[in-house]
Amino acid sequence: MTNPTPFDSGIERNRQRAAEGSVNAMNDLAIGLRDRFRYSGEVADLLAGIACLRRAIGYVPDHPIRHELSVNLSALLLDHFHLVGDLAALREVVARCDAVIPRLGEEGRLVAAMMRADSLIRLAEHTRDLAHLTDAIGSASRLPRTPGVEWILGTALRVRYEFTGDHAALVDAAAALRRGVAAIPVDDPDHAGVLSELGNVLQLSAEHTGDEPVRESGIRYLRAAVDSTPSTSPLLPSRTMDLSAALLDRGRRTGDVAALTEAVVLARAALAASAPGTRWAGSCRANLLLTLECLFERTGDAGLLDEAIEIGGSAPAGDPAQVTLALLLGNAHHARFLRAGAETDLRRAITALSDVVETVPYGEVDHVVALANLGRIWLSDYGIGHDPESLRRSVAALGTAVRASAPETSLRAGVLFDYGNALVAEFGHRGDPATLAAAGHAFLAAAEIEAWPPLARITAARAWANTEAGADRWPRARDAFAFAVGLLPLAVSRGLVRADQQRTLAQLDGLAADAAAVALWADDPETAVRLLELGRGQLGGQLLQSRSDLSRLHAVAPELARRLSGIFDRLPPSRPLAGAAADERHHLDIELRQVLAEVRALPGMADFLAPPELGALLACTVDGPVVLINVSGFRSDALIVRPAGITTVELPRVTPEAVADRVTAFDAALAASARPGPEETGAQTVITEILGWLWDAVAEPVLERLGHTAAPPGDWPRVWWSPIGRLALLPIHAAGRFPDGAAVLDRVVSSYTPTLRALQYAKSRATNAEGDLAIVAIGAVPGGTTLGSVRREAADIAALTPATTLRDAAATVDAVRAALGTHASVHFACHAASDPDDPSAGHLVVHDGRLSVLDISALDLSGARLAVLSACETSRGTQRIPDEGLHLVSAFQLAGFPQVIGTLWQVNDLVARQVAVELHRGIAAGEDAATALHHAVRGCRERYAAAPALWAAHLHSGR
């Protein structure tokens, strides 16, 4: 031994005595060697201990001590099985225990009976012989319920579940193991083992049911088991692998990339620490393959797939996990084919999975999984050459897998979804409406299985809706889309950090728009509006919910109100977390849902913190209509929302493709317009043409329906625009036929709102609070261009209204935060930036750092009135998730400012100053902020009529 251990001196002492022929010393030496093996993982110690006990037993063929020695040998043989999977060792343990149990005292009988039952359980696991398991459960059930017996019973019931799929066995297993954990001392060497088994049982239960609290409880036990296992223990790789698998399940179900990343790190560590030939080495390799593939699915990092294929291909011949490895390797090749298109990967996938299907007995889980994945691969093969035989094989394999999979499990849901996709392909090939209907039934059945991850269920429900729409069954398609939209809160739970929420929402782009369009085909505009409200602004809606007035709850259940308030305080939008911090966030999210369920069960509280009813949303349009502009491949419409109801205006020229093309062209023109030279004039022409299209296709039909057909003779009417999807990236408020034609600016005062709920919130936060204006003016920051007009902008505004100015070095992060909390209004004249990949990282640049969208939206400011963001791109959303409205303007609204003024793109420094000064001049003269901005922009348009990129960027959002 290279490193000293606490057992060394005792081993050497007993070694000397054993050499002299002492049987007792041989026994003590063997026990010491076993303890040192468990401490250090030195296999030679375990083998030496086994040999020592065999020698001792040979010395006493007729002495009663032989029975005690046989029990101790059985313990070491069990350790040897756990290390290398030696089934002969298990059979020897059963035989020895059967022989000695009648000859032992009470304590010895209990120990031997427990080892016998444990060995039978392991035999059942590895031989699939149910008789062994039945014997183990029967004999263990007759033993006194010590912690060790509870451990064995729990393990046996877990294996029964693996045989039968009966979830009740897992429930009973968890109960037994909880009793064991409660009774066994924390410092007992077996404590970590019971924790690990309980964690695994709970993890299996969560996989079966999709129950998040159970899964998170399992992770807590598994993490504790790893933490309690010595770093040198031979059991550490196995327990690390189990924790990795649980975190993998969390990541797959919730989309938590940090969990998947930690799972990969742990899986790599477990495999690296697993000596070749150990029982769990193959399982560690398979677990690493699976974690790598799942992290790839979430991040798209192709290097992870390459690593998985390399690891799977380097597995030694005869690996105990070779079936699982072949299955996973086939999946990895298929995934790489889907990404890179190399047919060699597809062929390797077909070969690998065909071999598994042929070698694993029908009905076993691995057979079902392999058959389902082979069906998916044949569908990919059909996509290459449209060979009907590939399609036939796909449908046949997936249909068989559906019939063989256990009901209400996530496995069955996934197979049903794939089967539905194969049937859709068959419908495309044959055109039989019955096939399309069957596909819809498969998608529906998948979407209804609660054990499946919410994102997957939404995807299935969307596919179901599309089959109904494809058959012109619009009411059924509407209901299917409503089902999908209703699952959105589960898919972007507060337990996720913001980056993961954004990643999930990007995969569901256009869901709300399609849902609303289908509802309109079903002649149901009220449901269309409701689905647009429920399907957009998820992340902002979570913050609005946490800012809700809890006084109603305080009056009836003050303790629940206190708990709810505390959870909201501890669950703000978050940057990436890992380990125990991530565990805590998921736990808080679960607790939040449990508390809300308790509250809503109280009399009269069923609607507590639920989304507002349509009537309440209609009421918030009393000051002017809100125009929801829905863009979908099904149809596009403007939904004019007024207190009296909803008016639909069809927009036949607006399609997702038309909008996408113009957004691309608009962005390119903006970039060109910022570069002085011959390209600038052409770029302004392109922008002008797009503004004309916006007028013809969107704004004019809406304004005509509203009766705004000319400039108003008196007060300017107001309209709130709420564009859906990528249309939100274009300036509807600036639409018009320029230079001399009709324009929105000449008909109405425009404002924006991401959702009706956001407008309702803005109006609820409206205040007449007095207080001077805080001006944050930063003309230069390290690495940024100098804003030469900032100093004058601040001075001109301060001359119009009482103001406190934080200029340059005085405008630190802390100083700006303090000013936001003590001033009703704030004006920023500084650099800002949006982030198309991570919109929550968009930020204002202050002297010593940044104030991001995430930072600002987490504030809760009372008495706030107006925020003016005279900086670049402060209202610029992202093409990835345009319906979330994640930008600086929305962040300030969520922080409590009922009115915010921002910009859609980079603005000229001089023009920004002119607009800002005229804005504040109008406010000082008594105009409301929206009207003052309207006049300031009109004035700027007059000065720069031929350059809309200069005057069209500014907008007003809020009440």
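Tutor: Contact, in what follows, means heavy atoms within 4.5 Å, and helices and strands are DSSP runs numbered from the N terminus. Please also keep in mind that the structure above is a predicted model.

Student: How many helices and strands are there in the chain?
Tutor: The chain has 959 residues, and buried residues make up 57% of them. Its C-alpha atoms fill a box of roughly 115 × 70 × 60 Å, taken along the principal axes. The elements counted within this chain are 42 helices and 14 strands.

Student: What share of the contacts in the chain with a separation of 6 or more comes from residues 24 or more positions apart?
Tutor: We set aside the contacts with a separation below 6, and ask how much of the rest comes from residues 24 or more positions apart. The share that these residues account for is 69%.

Student: Where do the buried residues of helix H36 lie around the axis?
Tutor: Helix H36 runs from residue 790 to 800, and its buried residues are Val790, Glu793, Ala794 and Ile797. These four cover an arc of only 95° around the axis, and therefore they lie on the same side of H36.

Student: Which residues are exposed on the other side of H36?
Tutor: Exposed residues have a relative accessible area over 50%, and we now turn away from the side of H36 that holds the buried residues. The residues that are exposed on this other side are Arg792 and Ala799.

Student: Which helix is included in what covers the buried residues of H36?
Tutor: The cover includes several strands, namely E6 (773–777), E7 (803–807), E8 (825–829) and E12 (866–870). Beside these strands, the cover also includes a helix formed by residues 909–924, which is H40.

Student: How far apart are the closest N and O atoms of Arg478 and Asp479?
Tutor: Arg478 has a relative accessible area of 19%, so with a cut-off of under 20% it counts as buried. Asp479, at 41%, is partly exposed. The two form a salt bridge, and the closest N and O atoms are apart by 3.1 Å.

Student: Is Asp345 buried or exposed?
Tutor: The side chain of Asp345 meets that of Arg336 in a salt bridge with an N to O distance of 2.9 Å. The relative accessible area of Asp345 is 4%, and because the cut-off is under 20%, the residue is buried.

Student: How many residues apart are Glu650 and Arg635?
Tutor: The side chains of Glu650 and Arg635 meet in a salt bridge, with 3.9 Å from N to O. Glu650 belongs to strand E3 (residues 645–650), while Arg635 sits in the loop between strand E1 (626–630) and strand E2 (637–642). The pair thus links distant parts of the chain, and the separation is 15 residues.

Student: Which of these two, Arg635 or Glu650, is buried, and which is exposed?
Tutor: Glu650 has a relative accessible area of 56%, and because exposed means over 50%, Glu650 is exposed. Arg635 stands at 15%, which is under the 20% cut-off, so the buried partner is Arg635.

Student: What is the volume of the second largest cavity?
Tutor: The structure holds eight cavities of 30 Å³ or more, and about 280 Å³ of space lies in the largest cavity. For the second largest cavity, the volume is about 190 Å³.

Student: Which element gives the largest share of the lining of the largest cavity?
Tutor: The largest cavity is lined by 19 residues, with Pro723, Ala728, Pro754, Gly885 and His887 nearest its centre. Two elements give two or more residues to this lining, strand E4 (718–723) and strand E14 (954–958). The largest share is three residues, and the element that gives them is E4.

Student: Which helix supplies the largest share of the lining of the second largest pocket?
Tutor: About 1300 Å³ of space lies in the second largest pocket, and 37 residues line it, among them Gly541 and Gln545, which are included in those closest to its centre. By class, the lining has 15 nonpolar, ten polar and twelve charged residues. Several helices each supply at least two residues, including H23 (474–486), H27 (525–535) and H31 (579–600). The largest share, six residues, comes from H31.

Notes. Residues numbered from 1 in each chain as written. Predicted model: local features only at pLDDT ≥ 70, side-chain atom pairs only at ≥ 80, totals over all residues. Heavy atoms only, no water. Buried < 20%, exposed > 50% of the residue type's maximum accessible area, 1.4 Å probe, protein only. Arc of directions from axis to C-beta. Salt bridge = Lys/Arg side-chain N within 4 Å of Asp/Glu carboxyl O. 1 Å grid on protein atoms, 1.4 Å probe; cavity = no way out; pocket = protein on both sides within 12 Å on 5 of 7 lines; lining within 4 Å. Points joined across faces, edges and corners; volume = space filled by probe spheres on them. Nonpolar A, V, L, I, M, F, W, Y, C, P; charged D, E, K, R; others polar.
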